[in-house]
Amino acid sequence: MDSAEFGSKVTMLYPGLILEENSIGEIYTISIANENQIKDTGGRILINGKNSRGYIVTKSISINLERQ
């Protein structure tokens with residue numbers, strides 16, 4: 001699944017997976033925000049079976065912010 005959001009002031013992205021028996025699920029999200037944007041990202045994995053595992057990796061990058 002691919003998703004891209006550009007230009008919104010507030011964006012929320014939470015992809016989700018439901019894992020059955022003997023399955024592996026992975027969610028990777030990268031968010032880039034400037035000083036006027038709010039990004040709320042992550043993921044949800046429901047493990048509904050034996051021998052299943054899930055991974056969530058999320059990274060955020062802020063650009064154009066002044067440090068004081």
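## Overall character of the model

Accessible surface is calculated here by the Shrake-Rupley method with a 1.4 Å probe. On that basis, the protein chain of this predicted model has an accessible surface of about 5700 Å², and carbon and sulfur atoms account for 49% of that area. The chain holds 68 residues, of which 21% are buried.

The secondary structure consists of six strands and zero helices. Followed along the sequence, the order of elements is β-β-β-β-β-β. Among contacts between residues with a separation of 6 or more, 69% join residues 24 or more positions apart.

## Confidence

The mean pLDDT of the protein chain is 83, and 82% of the residues reach at least 70. Confidence is highest in β5, where the mean is 95, and lowest in β1, with a mean of 79. As a general caution, predicted coordinates should not be read in detail where pLDDT is low.

## Ser-52 and its surroundings

Ser-52 belongs to the loop between β5, which covers residues 44-47, and β6, which covers residues 53-62. Is Ser-52 buried or exposed? Its relative accessible area is 16%, and because the limit for a buried residue is under 20%, Ser-52 counts as buried.

The side chain of Ser-52 has two polar partners in the backbone of other residues. A polar atom of this side chain lies 2.5 Å from the backbone oxygen of Glu-20. The side chain also reaches the backbone nitrogen of Ser-23, at 3.3 Å. With neighbours within four places in sequence left aside, the contacts of Ser-52 are Leu-19, Glu-20, Glu-21, Asn-22, Ser-23 and Ile-47.

## Two asparagines with positive phi

One of the residues in contact with Ser-52 is Asn-22, which is located in the loop between β2 (16-19) and β3 (24-33). Asn-22 is not a glycine, yet its phi is positive, near 55 degrees. Most residues other than glycine have a negative phi. The relative accessibility of Asn-22 is 56%; since over 50% is required for an exposed residue, Asn-22 is classed as exposed.

Asn-51 is located in the loop between β5 and β6, the loop that also holds Ser-52. Its phi is likewise positive, at about 55 degrees, although Asn-51 is not a glycine. Asn-51 is exposed, because its relative accessibility of 66% is over 50%.

## Ile-38 and a nonpolar surface patch

Ile-38 is part of strand β4, which spans residues 38-41. Not counting residues up to four places away in sequence, Ile-38 touches Lys-9, Val-10 and Thr-11. A further relation links Ile-38 to Ser-62: the two are 24 residues apart in sequence, and their C-alpha atoms are 9.8 Å apart in space.

Which residues form a nonpolar patch on the surface together with Ile-38? The other members are Val-10, Met-12 and Tyr-14, and the patch has about 410 Å² of accessible area in total. Val-10 is thus both a contact of Ile-38 and a member of this patch. Tyr-14 is placed in the loop between β1 (10-13) and β2. With a relative accessible area of 35%, Tyr-14 is partly exposed, because this value falls between the 20% limit for buried and the 50% limit for exposed residues.

Definitions and conventions: Residues numbered from 1 in each chain as written. Predicted model: local features only at pLDDT ≥ 70, side-chain atom pairs only at ≥ 80, totals over all residues. Heavy atoms only, no water. Helix = DSSP H or I, 4+ residues; strand = E, 2+ residues; numbered from the N terminus. Buried < 20%, exposed > 50% of the residue type's maximum accessible area, 1.4 Å probe, protein only. Polar contact = N/O pair within 3.5 Å; in protein donor to acceptor, adjacent residues only side chain to side chain. Contact = heavy atoms within 4.5 Å. Patch = residues over 30% accessible without salt bridge, like charges linked within 9 Å, V, L, I, M, F, W, Y side chains within 5 Å. Salt bridge = Lys/Arg side-chain N within 4 Å of Asp/Glu carboxyl O. pLDDT = per-residue confidence, 0-100.
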